[in-house]
Each structure stands twice: as C-alpha cells, then as structure tokens.
Amino acid sequence: MTQQETHSSISRRTFLQGAAFLGVYGGLTSLGLAGCTAPASGGKSGGSWTAGTYSAQVTGHNAPFTIDVTFSDTAITAIDASTNQESLGVGASALQDLASQIIEHQTLNVDSVTGATLSSMCLQQGVKECAGQAGAAKDLEKATGPEDIVKDSYTADVCVIGGGGAGLTAAISAAQAGAKVVVIEKCGITGGSTNVSEGALNAVDPERQQKQGIEDSTEKFYEVTYEGGHGQGTPELIRYLTDNALDSVHWLESIGVEFKPEVGSATGSLGERSHYPATPSGNTYIRSFQKFIEDHPDQLTLLNEMQAQELITEGGKVAGVKAVHRGKQPVTVQARSVVIATGGFGANVEYRQRVNTGVWADVKLDDSIGCTNIKPCAQGEGLKLAEAAGAELVGLPDIQLHPCGTPGTGLMEDIRTSGRNRIFVNKNGERFVNEGAERDTLCKAIFAQPDSTYWIVVNKVRYPSETQPDANGATIENMLALGHIVKGETIEDLASKTKMDAVKLQEAIDGYNKTVSGEAEDPFGFKATNTADQQLTEGPWYACRKVPTVHHTMGGVRIDVDTRALAPSGSPVEGLFACGECTGGIHGSNRLGGNAIADCVTFGRTAGTNAAKNALGA
C-alpha cells in the first residue's frame with residue numbers, strides 16, 4: 001500500500017534505497033537522515049533537544065538486541081538496530097519499515113506491523129526510550145504519524161487473496177499472462193509463512209542430481225509422494241506436482257532466484273531432491289517476488305493490512321472481494337477471477353482441534369503445542385470464504401506435525417532437523433527412531449519418549465566453523481550466546497551438560513556410525529544412502545532440544561489440476577481458483593518435506609495463468 005507523500009525533500013523510497021538494511025545472513029537495520037537540516041514533519045524547531053546517540057536494550061521476538069538512535073538538536077537523524085536477530089521478511093522487515101517511517105515523519109506515532117507485532121513494539125519502545133534520554137519524547141509523541149492512501153474500490157482482472165509464497169506466485173504469473181492484478185494481504189509484512197520456511201523445493205533435476213551421483217525420476221518422486229501421504233492424496237494432483245516441479249525451479253530462476261548448485265534432503269523428504277535457495281530461508285523467494293512487483297507497478301498492486309471478508313458473486317460467478325483496511329475502511333475489489341491463497345489453519349487452535357479426527361486424533365492439539373507458522377498467516381480464513389461461495393473442503397483432519405519445534409514456541413529455529421549427519425536421542429541419550437523417516441513417524445516416536453522431547457545432536461561435520469552461517473543464516477556462535485544450544489568438546493562433556501547418560505549417548509553415536517560405514521544394519525531402519533552421509537567421530541559436539549509442533553494442514557479447498565475451486569458435485573465454482581496450503585487433496589495425510597514450496601509455486605503458477613485466461617477470455 002502506498003504511504004502518504006510529504007513535502008520533505010527526502011521520500012520514504014529514498015530512505016529505503018539508501019538504507020544499509022539487509023545482510024545476506026541476518027536482519028540489519030540502520031537508517032539515517034544524512035544531510036537533512038530540518039525534520040520532514042514534527043520534530044522541534046527551537047533546537048532544545050540534546051544532540052547525540054542514545055541506546056536502549058530491547059527484547060525482540062527472537063532475541064534481545066540494542067537500538068541506537070542519533071539525534072540532532074531538531075531531528076532524529078539515524079536509527080540503528082543492526083544487532084537484531086529477527087526473522088528475515090518478518091520482524092526484520094517490520095524494523096526497517098517502522099524505522100524509515102519514524103525518521104521520515106519525525107514521530108513516534110507509527111502503527112505496529114500486523115504479523116510482526118512484537119518486533120514492532122520493541123522498536124517503538126526502544127526509540128521512545130532513546131527519545132526520552134534526548135529530551136525529544138514529548139515533541140515526537142505530539143507529531144502526526146503517516147497515513148495510508150487506500151482507495152475505497154479497485155478494479156482488476158484478477159484479485160489474489162493472500163500475499164504469501166503461493167499468492168505472489170499466482171499474482172506474478174497472472175501479470176505475465178497479461179492481467180492486471182490486485183493482491184490483498186491481511187498482514188503488514190509480505191510473504192507470509194514462506195518467509196520463515198527453510199525454502200526447500202523438491203524437484204527431479206537431472207542436471208544437478210547426476211553431478212551428485214543421485215538416481216531419481218519423476219515416477220519415483222510420484223510414488224514416494226503418494227505413499228508418503230499414506231495413499232490418501234489425489235493421484236492426478238500429485239502427478240501434476242511431480243511432473244511440473246522442475247519447471248517451477250526454472251520459473252523462479254527466471255525472476256531472479258538463485259539456488260545452490262547441489263540438492264539436499266529436507267526433513268521427511270524421502271529422497272535427495274530438495275533445492276535450497278543460495279541465500280537463507282524462504283524469504284529469498286519473497287525478495288524476488290517483491291522486486292518483480294516493484295518493477296511492474298502498472299500491472300500489480302499490493303495492498304497490505306487488508307483483511308478479506310467476503311467474496312462477491314454475480315450471476316453465480318465469483319466477481320470480486322469485499323475487504324476492510326486496518327479494521328476500519330471498507331474496500332471493494334472487482335475482478336472476474338479471484339485466487340484464494342490464504343495459507344493453512346495450523347495456528348488456529350480452536351479450528352484445528354475441532355477437525356482433528358485423523359492421524360493425530362489421540363493427541364490434544366491445544367495451545368500447549370506450538371506452530372511453525374506466523375500466527376496471523378495460518379488462521380484458515382480462506383476456507384470459510386471458499387465454502388461460502390460453494391466450494392467443497394476436503395481432508396481437514398490431515399494435520400502435519402514437524403519434529404523441529406522449539407520448546408515453548410513451536411517455531412523452527414537454531415539447529416534444524418533437515419539435512420543429514422545428525423542423530424535424534426531422548427533425554428537418556430538413546431536413539432529411538434530412523435532420522436530419515438516421514439514426519440508423522442518421527443513425531444509419533446517423539447511423543448513416546450520421556451516428556452515428549454528429544455535432543456538433536458550434531459558435530460563438526462555439520463558445523464565445521466562456529467562463525468559460518470548455516471543454510472538458515474544461523475551460526476553456532478550466536479546460538480551458544482543465546483543459550484539455545486549446548487556445546488561439549490567430548491561426548492562425556494556434552495552428556496554432562498545435557499544430563500544424558502554418557503555411555504548410552506556414545507552407544508547411540510557408535511551405532512549410527514556403523515550404519516553409515518556399512519558395518520551393521522540400523523535397528524530403527526535408517527539407511528545411509530544419501531551422498532552427504534558421513535560418520536560422526538570428532539568434537540566439538542552440539543545438542544539442541546526439540547519438540548513436535550504443528551507445521552502444515554493438508555486439507556482445504558478442493559481443486560482440480562487447473563486449480564479451479566470445485567463444488568461438492570465436482571463442477572467448478574466459476575471465477576474462483578485456489579493454490580497453496582489452503583487447498584486439499586495434494587499431500588494426503590502426510591506431506592513430504594520440501595513439497596510445500598513445490599506445491600505453492602507449481603500450483604500458484606497454474607492458478608495465476610488460468611485466472612488471467614478466465615478474466616481475459618483467452
């Protein structure tokens with residue numbers, strides 16, 4: 001959404017272009033008002049502030065950090081939050097946006113960013129504390145804040161509900177097919193939970209895989225996806241996914257995404273075909289999507305803080321969306337095609353408990369079990385919209401838990417379960433499961449352990465350097481500093497610090513190594529068939545405690561391979577398309593790791609293209 005222009009000689013876009021904001025491996029925020037002798041608005045004309053740089057310690061969503069704010073005697077000239085460890089595209093994005101607004105408008109009256117409320121509040125708190133030290137707080141609190149310019153109505157060929165990975169893919173694909181597109185996104189951040197995903201995308205890729213000595217085929221990919229979903233997925237949807245996933249890789253590369261030269265294995269991927277972005281996390285995709293949108297302003301309009309409330313129907317066809325901006329301003333988008341891409345319902349505790357009659361019926365999915373997704377982005381509102389327009393919902397009991405949850409939050413952080421060269425041990429130091437098994441198998445085994453928790457144990461094979469960022473941008477150095485992991489120079493040292501039995505832990509590692517070397521078969525069924533598998537023999541050793549967490553909801557809007565939303569009769573709901581986690585039928589009762597991004601991009605491209613064709617009469 002467009003921010004209100006001021007008469008300042010420096011615009012918000014200029015600030016963003018000139019800001020040293022985002023490093024490849026972390027969220028850096030350092031914004032300045034270099035060269036300005038007067039504030040854009042607000043500020044103090046009498047020159048009574050005490051110039052200088054002041055600091056405040058704040059607690060972010062992920063970790064504490066320092067905010068440094070520099071004042072002249074009339075204006076805030078710089079805000080530096082570069083020590084933050086907030087998530088890329090989420091908290092880090094909120095810090096950037098709010099810091100630029102505060103400097104541009106010289107005010108403390110800026111709205112929190114929906115989807116990153118805690119990060120927003122800590123920046124607001126820190127800047128206010130610094131302003132108090134400079135004698136500027138009262139003036140900045142009086143100054144008027146920025147206003148959004150949002151029209152009451154928009155007209156487009158295609159309206160996409162949801163600005164996450166699937167929704168933005170659909171929007172860009174529709175634009176590439178010649179459509180004018182409006183995207184409405186309920187959060188202030190863009191990218192949804194794709195931002196906090198590891199970014200793994202499964203696809204059979206002979207060019208990469210043959211170089212690694214990996215034998216694979218689309219038929220094998222289809223079979224493991226169908227069987228991994230316990231035979232509950234819709235065969236034609238699975239076939240479409242597995243046959244077209246490589247085209248999704250190439251499409252992403254065509255709009256600027258770079259992938260690592262080798263494929264790996266996401267947790268529960270049942271194969272070695274996971275493509276990872278060259279820079280950390282799924283936010284890599286979102287940055288490329290955002291750039292495409294910025295480069296095509298005549299075709300694509302993105303409206304943040306916009307909650308869809310109802311689909312408009314005319315003559316039995318979906319014809320647009322009624323929404324509300326920031327809970328106050330009604331907004332209407334007229335469009336001949338609507339794409340629902342609102343994500344799953346994993347963070348909607350009441351709803352997930354109500355439909356939990358499937359794999360996890362014997363587990364109470366209450367708020368004691370966290371969720372890996374951004375809470376506002378996983379509430380399932382799109383299901384209600386689609387159903388009200390006549391679409392059928394399928395597979396709702398199919399809820400996936402992931403073994404990589406952080407105790408207390410459920411977020412996926414620190415040492416991850418994805419990849420290889422790690423073992424899972426319980427509180428006693430005993431291995432209890434095949435680490436390469438399906439996600440539901442892993443989680444069921446974890447629930448059977450003492451306190452339903454376990455340790456993931458790695459060593460220098462996984463982390464040869466404590467300062468080198470891993471695939472998600474995390475370093476051992478930072479994880480240790482935050483107290484999120486435990487380090488031991490030896491097995492005995494690690495066991496002592498984690499209160500595990502040293503003898504059992506050593507036996508667990510020895511048994512794993514014998515399987516990797518081919519000396520023995522693993523009693524849990526682990527197979528060392530991955531080209532990355534190595535023995536774990538030398539310290540230092542690191543352990544990170546994990547719990548199961550709600551990760552993905554496989555049920556949702558029933559679709560066909562053209563992504564048309566289907567009624568219970570099997571006929572399409574005219575004008576309505578759906579893609580991403582809000583759909584059902586693709587993954588069966590268990591999704592393979594790395595298939596979510598493949599799903600979002602493959603079916604997102606199809607939804608956008610077909611929505612454009614429907615709208616343009618092609």
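In this predicted model, serine 274 is buried, with a relative accessibility of 0%. Serine 274 belongs to strand E12, which covers residues 274–275. The side chain of serine 274 makes a polar contact with the side chain of asparagine 202 at 2.7 Å. Beyond its neighbours within four places in sequence, serine 274 contacts Ala200, Leu201, Asn202, Val263, Gly264, Ser265, Ala266, Ser269 and Gly593.

One of these contacts, serine 269, is placed in the loop between helix H8 (235–254) and E12. Serine 269 has a relative accessible area of 2%, and therefore counts as buried, the cut-off being under 20%. Apart from residues up to four places away in sequence, serine 269 touches Asn202, Ser274, Leu592 and Gly593. Asn202 and Gly593 also appear among the contacts of serine 274. Two backbone oxygens lie at 2.9 Å from the side chain of serine 269: that of alanine 266 and that of glycine 271. In contrast to these contacts, glutamine 125 is 144 residues from serine 269 in sequence and 42 Å from it in space, C-alpha to C-alpha.

Helix H8 precedes this loop. At 1.5 Å a residue, a span of 28 Å is expected for the 20 residues of H8, and the distance of 29 Å between its end C-alpha atoms agrees with this. H8 nevertheless has a bend of about 45° at asparagine 244. Asparagine 244 is itself among the buried residues of H8, which are Leu237, Ile238, Leu241, Thr242, Asn244, Ala245, Leu246, Ser248, Val249, Trp251 and Leu252. In general, an α-helix has 3.6 residues a turn, so residues three or four places apart point the same way. The buried set of H8 includes such spacings, for example Leu237, Leu241, Asn244 and Ser248. Just after the helix, glycine 256 adopts a positive phi of about 115°.

The largest nonpolar core contains 96 residues, and Val181 and Ile184 have the most contacts inside it. Helix H16 (residues 595–616) supplies the largest share of this core, with nine residues. Isoleucine 184 is in contact with Cys159, Val160, Ile161, Gly162, Gly163, Leu303, Met306, Ala308, Val321, Ala323 and Val333, residues up to four places away in sequence being left out. A second core of 35 residues is separate from the largest one, and includes Ala116, Leu140, Cys187 and Ile374.

Several contacts of isoleucine 184, including Met306 and Val321, fall within a pair of strands, E14 (residues 306–314) and E15 (residues 317–325). These two strands run antiparallel and are joined by eight bridges. Within the pair, methionine 306 is opposite histidine 325 of E15. The hairpin of E14 and E15 has two residues between the strands, and glycine 315 takes a positive phi near 60° there. Strands of a sheet pair through backbone hydrogen bonds, either parallel or antiparallel.

Another antiparallel pair consists of strand E6 (residues 64–71) and strand E7 (residues 76–80), with four bridges between them. Aspartate 68 is found opposite aspartate 80 of E7. The hairpin that connects E6 to E7 passes through four residues.

An open sheet with mixed pairing is formed by three strands in the order E17-E23-E26. Its edge strands, E17 (393–394) and E26 (583–584), each pair on one side only. E17 and strand E23 (residues 556–558) are antiparallel and are joined by two bridges. In this pairing, leucine 393 faces valine 557 of E23.

Isoleucine 415 lies in the loop between strand E18 (399–405) and strand E19 (423–425). Although it is a loop residue, isoleucine 415 is buried, with a relative accessible area of 0%. With residues up to four places away in sequence not counted, the contacts of isoleucine 415 are Cys404, Ile456, Val458, Tyr463, Ile476, Met479, Ile485, Tyr542, Cys544 and Lys546. One of these, Cys404, falls within the range of strand E18. Tyrosine 542 lies 127 residues from isoleucine 415 in sequence, but the two C-alpha atoms are 8.9 Å apart in space.

Methods: Residues are numbered from 1 along each chain as its sequence is written. This is a predicted model: local features need pLDDT of at least 70, side-chain atom pairs count only at pLDDT 80 or more; totals for chains, interfaces and linings use all residues. Side-chain values use heavy atoms; hydrogens and water are left out. Two strands pair if DSSP finds at least two bridges between them. Buried means under 20% relative accessible area, exposed over 50%, partly exposed in between (1.4 Å probe, protein chains only). Contact means heavy atoms within 4.5 Å. A polar contact is a pair of N or O atoms within 3.5 Å; within protein, one must be able to donate a hydrogen and the other to accept it, and residues adjacent in sequence count only if both atoms are side-chain atoms. A nonpolar core is a set of buried Ala, Val, Leu, Ile, Met, Phe, Trp, Tyr and Cys residues joined through side-chain atoms within 4.5 Å. The expected span of a helix is 1.5 Å times one less than its number of residues. The bend at a residue is the angle between axes fitted to the seven residues ending there and the seven starting there.
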